[in-house]
Amino acid sequence: SDDNVLHIGGIFPLAGEGGWQGGQACMPAANLALEDVNKRKDLLPGYVLKLHSNDSECEPGLGASVMYNLLYNEPTKLMLLAGCSTVCTTVAEAAKMWNLVVLCYGASSPALSDRNRFPTLFRTHPSATVHNPTRIKLMRKFNWYRVAILQEAEEVFISTVEDLESRCMEAGIEIVTRQSFLSDPTDAVRNLRRQDARVVVGLFYVVAARRVLCEIYKQQLYGRSNVWYFIGWYEDDWFVNNLEKEGIECTADQMREAAEGHLTTEALMWNQNLNERTISGMTSEEFRVRLNDALRVEGYDIDNKRYPEGYQEAPLAYDAVWSVALAFNKTMNHLHKYGKSLKEFNYNNKEIADDIYSAINSTQFLGISGIVAFSSQGDRIALTQIEQVINGNYVVLGYYDTQADNLTWFDKEVWAGGKVPQDRTIIRKVL
Ligand SMILES: CC1(C)CO[C@@H](CC(=O)O)CN1
């Protein structure tokens, strides 16, 4: 019978070309979590959590029609999970009309941190702005108080740069120039040279990153006098991949030479303490083994390191389902005091919707992706990782906990000139 089933909708980016097809790994991860929470006797006793999944292809229009199908067909859904930023924006903006909480496991857009537009949105995926306090922490550490910004003209980077600029202002760090480009970075890089930019924060997708790197090589804007911050979630050998296919005029050796020494920041999505048991009883390594098995069953060639899109973010989807189960458990206990149940929820029941909202708002548990907790805007609070390319390979330099302002540093950084590059040309006065 249906009366002991709690239904939620899941919108996963699976097929399609545009954006991020992260549902390929995230849907199997969500299904593992459903299996695990439904096995727990102490969670939602007497109930089963059921996920109704559909493909959005990371396309907002299709995401909207999938949402309508979920909501205009029985059974009533108690919450919606969504993936890409574009789909999450559409679903989260509409969901309030159905009094539904939306939980996004794959949305990084800073625009989503807006309680006016998205009053019921939470995300286990951190906003792209999570990198900014880390970037600034490093500028302070190495005494870089004169920096430049180079960005691709994409919404996610525009709003990230706005956040970075205001944080630089607060920190007394001068932004000497902000250059953006649509697809060809040649002029933007030339302007960086003209302004004697030494420390540059680069914000672009990986295809644009290859064009930038080749331009940096051609214009000799790398080496002992320059510091580059790139985004850390590109694939590890991104700077030598697809050069022919994308018409990059530099050789792999030239790209390696230009890439040597650059720094990256990224949000941690896999708990780094490999032996730490999480709320599910698993360590993150044990989760990885189970996820790899599930993906092999789906036909992915994991043994040859051919991971599906969304592999990096899979813990965010797994932890999203746990967040739902824990929030419903809390809500169920609360409602039972008044002889009510979650089964009474319908899209006009604001009272139960508010109970669910406050339960998810107070989430705090150790998941596969680390501590899961949300800010007042529903943003994921996350640790960040800093790496540097040393002899062609990424080396972890440290981690930063923004909340605690705690930088864990391993003193592994290497500078081409044997010392920390300066943020400006020092004119030595000859007396
Ligand atoms: C780190 C990344 C690749 C950022 O984009 C996210 C997708 C999106 O924001 O639409 C997925 N995770």
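The protein folds into 11 helices and 15 strands, and keep in mind that this is a predicted model. Its radius of gyration is 23 Å, which agrees with the value near 22 Å for a compact globule of 431 residues. Here is a quick tour, from the overall build down to single residues.

**Overall build**

- Along the principal axes, the C-alpha atoms of the protein take up a box of roughly 85 × 45 × 40 Å.
- Of the 431 residues, 55% are buried.
- The chain is tied together over long stretches of sequence: take the contacts between residues at least 6 apart, and 70% of them join residues at least 24 apart.
- About 18800 Å² of the protein is exposed, with carbon and sulfur atoms supplying 48% of that area.
- On the charge side, there are 43 positive and 55 negative charges, and their mean positions sit 5 Å apart.

**The nonpolar cores**

- As a rule of thumb, nonpolar side chains in soluble globular proteins tend to be buried together.
- The largest nonpolar core here has 82 residues, and the members touching the most others are Leu49, Phe287 and Phe328.
- Helix 10, residues 314-336, gives this core its largest share, 13 residues.
- A second core is separate from that one and holds 60 residues, including Phe204, Ala209, Trp228 and Leu263.
- What does Phe287 touch, beyond its neighbours within four places in sequence? Its contacts are Ala29, Leu32, Trp270, Met282, Ala314, Pro315, Tyr318 and Ile368.

**Helix 3 and what covers it**

- Helix 3 spans residues 85-95, and its buried residues are Ser85, Val87, Cys88, Val91, Ala92, Ala94 and Ala95.
- The cover over those buried residues includes helix 2 (60-72) as well as strand 1 (5-12), strand 3 (79-82), strand 4 (101-104) and strand 5 (121-123).
- Just ahead of the helix, Cys84 belongs to the loop between strand 3 and helix 3.
- Cys84 counts as buried because its relative accessible area is 3%, and the cut-off for buried is under 20%.
- Setting aside neighbours within four places in sequence, Cys84 is in contact with Pro13, Trp20, Cys58, Gly106 and Ala107.
- Cys84 and Ile11 are 73 residues apart along the chain, yet their C-alpha atoms are separated by 9.3 Å.

**Leu192, a buried helix residue**

- Leu192 is part of helix 6, residues 186-194.
- Is Leu192 buried or exposed? With 0% relative accessibility, it counts as buried.
- Past its neighbours within four places in sequence, Leu192 contacts Ala148, Ile149, Leu150, Thr177, Gln179, Ala197, Val200, Leu221 and Trp228.
- Gln179, one of those contacts, is 13 residues from Leu192 in sequence and 7.5 Å away in space, C-alpha to C-alpha.
- Trp228, another contact of Leu192, is also one of the residues in the second core.

**Tyr47 and its partners**

- You'll find Tyr47 in the loop between helix 1 (23-39) and strand 2 (48-55).
- Leaving out neighbours within four places in sequence, Tyr47 is in contact with Asp3, Asn4, Leu6, Asn38, Met332, Ser341 and Lys343.
- For Tyr47 and Lys343, the gap along the chain is 296 residues, and the C-alpha separation is 10.0 Å.

**Backbone oddities**

- Most residues other than glycine have a negative phi, and most peptide bonds are trans.
- The peptide bond from Glu74 to Pro75 is cis, with omega near -10°, and Pro75 sits in the loop between helix 2 and strand 3.
- Lys305 isn't a glycine, but it has a positive phi of about 55°; it lies in the loop between helix 9 (284-297) and helix 10.
- Asp411 isn't a glycine either and has a positive phi of about 55°; its place is in the segment after strand 15 (406-409).

**Out on the surface**

- Lys305 counts as exposed, with 62% relative accessibility.
- Asp411 is exposed too, at a relative accessible area of 59%.
- Glu298 is in the loop between helix 9 and helix 10 and is exposed, with a relative accessible area of 53%.
- Glu298 and Arg210 are 88 residues apart in sequence, and their C-alpha atoms are 32 Å apart in space.

Notes:
Residues numbered from 1 in each chain as written. Predicted model: local features only at pLDDT ≥ 70, side-chain atom pairs only at ≥ 80, totals over all residues. Heavy atoms only, no water. Helix = DSSP H or I, 4+ residues; strand = E, 2+ residues; numbered from the N terminus. Rg over C-alpha atoms; globule rule 2.2 N^0.38 Å. Buried < 20%, exposed > 50% of the residue type's maximum accessible area, 1.4 Å probe, protein only. Contact = heavy atoms within 4.5 Å. Areas by Shrake-Rupley, 256 points an atom, 1.4 Å probe, with all protein chains shown as cover. Lys, Arg positive; Asp, Glu negative; His and termini not counted. Charge placed at Lys NZ, Arg CZ, Asp CG, Glu CD. Core = buried A, V, L, I, M, F, W, Y, C linked by side-chain atoms within 4.5 Å.
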